[in-house]
Number of protein chains: 2
Amino acid sequence: MDNASKNVSEAVILDAARAIFTEKGMATARMQEIADRAGINKALLHYYFRSKEKLFDRVFQEAFQQFWPKVEMHMNQPVDARTVLRGMIGIYVDLFVERPYLPDFIISEINRDPARLEGLMRDVGVNPSLIINYLASQIKAGVLVEMDPRELILNVISLCVFPVAGRPLVSRFLWQNDQEAYQQFLINRKYTIFFFF
Amino acid sequence: MDNASKNVSEAVILDAARAIFTEKGMATARMQEIADRAGINKALLHYYFRSKEKLFDRVFQEAFQQFWPKVEMHMNQPVDARTVLRGMIGIYVDLFVERPYLPDFIISEINRDPARLEGLMRDVGVNPSLIINYLASQIKAGVLVEMDPRELILNVISLCVFPVAGRPLVSRFLWQNDQEAYQQFLINRKYTIFFFF
DNA sequence: GTCTATAAAAGGATAGAC
DNA sequence: GTCTATCCTTTTATAGAC
């Protein structure tokens, strides 16, 4: 199909779909709402993407990719492991400041259909053993705290993800709904999380 | 209404609704599926609880209560703060081993409708300042690590919640889908999380 | 490629018999 | 209290004109 012949480009639709899907999830999102946001008609959605499911798949794969930051780049730099770790935390904190709905979106939809994972990992080209082996060697060398490397990764991600995914809960319970203060706290996490390791 | 006149008790329906709602969430859950699981007819669901929304509210309030463990009990015991903290971690680990869908259920539904929080906190009688003040005094006394008490609580809960909420993701990525090993790891967290503090 | 109008399906809710 | 049958609304998906 010729791209020049498309007036409302796929990109416009995908932007709208991304916003609605990540905020509401597959089950709650409505095709009508996506069409409205894209400034087009419902029928046109089905013209570009045959079904809600197919549109969702596109959006979700892109979101899943975001969630697996390219930490491999950092690993090859001539810096020590603590700097790599600091960089990884920074990537997540920045990502979630920009896209706060991402964590709960990924978690919920994977829980809804875990079988989806296999295809995603293949398509996105994820290779966890790279980072695990790197951390293992650095731990053995005494550069990082003594800990199972998988547990190290899991702890870092836990500390990055939950404060964002559980934001309404946490900001209400612990910050008395002071959204400014909580937002600042989340940004500062770039440094405070690192103190643990 | 007379309880003796009920053959299929509310409890049976609530058990079924709890299982379906916590696993699939409000939007994905189907009244038909809840009825099937309870071994009854769809119409009977509406007889006991007028609507899906009302049935969901009952289930969700009960789930929300579970999520706010009664740590106040522990605080009044003549034990040091580190023991209280260890007890709090144990409560969460045990709860999530028993009800693994709880964390994502709470997080997702609160994100879907944050306004719900106010009513819930009133009904359940939550008072966060109790535990915050207790931890603050213990930190000042040097019993616990130097840290904003709210951040301390948030970190503990993050480390307890994410490994469960993100289980399919984490067990596939980092444990190569070895469910037995991952389950054992989750149980062991009762001790490993505590090492951080 | 984009629209209006409409079909088709799914799912929550009610009527009425027993 | 429990069931079968049915209604009604919502929402996805398609037909067909321009």
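**Figure 1. Crossing of α4(A) and α7(A) in the predicted model.** The axes of α4(A) and α7(A) come within 10 Å and cross at roughly 115°. This model is predicted. The two helices, α4(A) and α7(A), make a left-handed crossing. On the α4(A) side the contact consists of A:F60, A:A63, A:F64, A:Q66 and A:F67, and these meet A:L102, A:F105, A:I106 and A:E109 of α7(A). Sorted by class, the residues of this contact are seven nonpolar, one polar and one charged.

**Figure 2. Chain A as a whole.** Chain A contains 12 helices and zero strands, and its pattern along the sequence reads α-α-α-α-α-α-α-α-α-α-α-α. Along the principal axes, the C-alpha atoms of chain A fill a box of roughly 60 × 45 × 30 Å. Of the 197 residues in chain A, 34% are buried. Among the contacts in chain A with a separation of 6 or more, 61% join residues 24 or more positions apart.

**Figure 3. The contact between chain A and chain B.** Chain A gives 34 residues to this contact, and chain B gives 34 residues. On the side of chain A that touches chain B, the elements that contribute two or more residues are α1 (10-28), α7 (102-112), α10 (149-165) and α11 (167-175). The largest share of this side, 12 residues, comes from α10(A). By class, the side of chain A that touches chain B comprises 21 nonpolar, eight polar and five charged residues.

**Figure 4. Packing of α10(A) against α11(B).** Helix α11 of chain B spans residues 167-175, and its axis comes within 11 Å of the axis of α10(A), with a crossing angle of roughly 145°. The crossing of α10(A) and α11(B) is right-handed. From α10(A) the contact takes A:R150, A:I153 and A:L154, and from α11(B) it takes B:V170, B:L174 and B:W175. Five of the residues in the contact of α10(A) with α11(B) are nonpolar, no residues are polar and one is charged.

**Figure 5. The largest nonpolar core, with a close-up of B:C160.** The largest nonpolar core has 95 residues. Those that touch the most other members are A:A17, A:I34 and A:C160 in chain A, and B:A17, B:I34 and B:C160 in chain B. Leaving out residues up to four places away in sequence, B:C160 touches B:I89, B:Y92, B:V93, B:F96 and B:I193. In soluble globular proteins, nonpolar side chains tend to be buried together.

**Figure 6. Surroundings of DNA strand C.** DNA strand C is surrounded by 20 residues, of which the nearest are A:N7, A:N41, A:A43, B:M31 and B:S51. At least two residues of the surface near DNA strand C come from each of the following elements: α3 of chain A, and α2 (31-38), α3 and α4 (52-67) of chain B. This surface near DNA strand C divides into eight nonpolar, six polar and six charged residues.

**Figure 7. Surroundings of DNA strand D.** There are 20 residues around DNA strand D, and A:M31, A:S51, B:N7, B:N41 and B:A43 are the closest. Chain A supplies two or more residues to the surface near DNA strand D from each of α2 (31-38), α3 (42-48) and α4 (52-67), and chain B does so from α3 (42-48). The class count for the surface near DNA strand D is eight nonpolar, six polar and six charged residues.

**Figure 8. B:T83 in helix α6 of chain B.** B:T83 is located in helix α6 (residues 81-98) of chain B. The residue B:T83 counts as exposed because 12 other C-beta atoms lie within 10 Å, and a residue with 12 or fewer is classed as exposed. The C-alpha atom of B:T83 is separated by 9.9 Å from that of B:F194, 111 residues apart along the chain.

**Figure 9. Loop residues with positive phi.** A:Q176 belongs to the loop between α11 and α12 (179-192) of chain A. Phi of A:Q176 is near 50°, a positive value in a residue other than glycine. With 12 other C-beta atoms within 10 Å, A:Q176 is exposed. In chain B, the loop between α11 and α12 (179-192) holds B:N177. Phi of B:N177, a residue other than glycine, is also positive, near 70°. B:N177 is exposed, with 12 C-beta neighbours inside 10 Å.

Methods:
Residues are numbered from 1 along each chain as its sequence is written. Chains are lettered from A and ligands numbered from 1 in the order in which they are written. This is a predicted model: local features need pLDDT of at least 70, side-chain atom pairs count only at pLDDT 80 or more; totals for chains, interfaces and linings use all residues. A nonpolar core is a set of buried Ala, Val, Leu, Ile, Met, Phe, Trp, Tyr and Cys residues joined through C-beta atoms within 7 Å. A residue is buried if 20 or more other C-beta atoms lie within 10 Å of its own, exposed if 12 or fewer, and partly exposed in between; C-beta atoms are placed from the backbone. Two residues are in contact if their C-beta atoms, placed from the backbone, lie within 7 Å. A residue is near a molecule or strand if its C-beta atom, placed from the backbone, lies within 6 Å of it. Helices (H or I, at least four residues) and strands (E, at least two) are DSSP runs, numbered from the N terminus. Ala, Val, Leu, Ile, Met, Phe, Trp, Tyr, Cys and Pro count as nonpolar, Asp, Glu, Lys and Arg as charged, and the others, Gly among them, as polar. Axes are lines fitted to C-alpha atoms, for helices over the stretch in contact, and angles run from 0 to 180 degrees between N-to-C directions. A crossing is left-handed if the near helix is turned anticlockwise from the far one by less than a right angle, and right-handed if clockwise.
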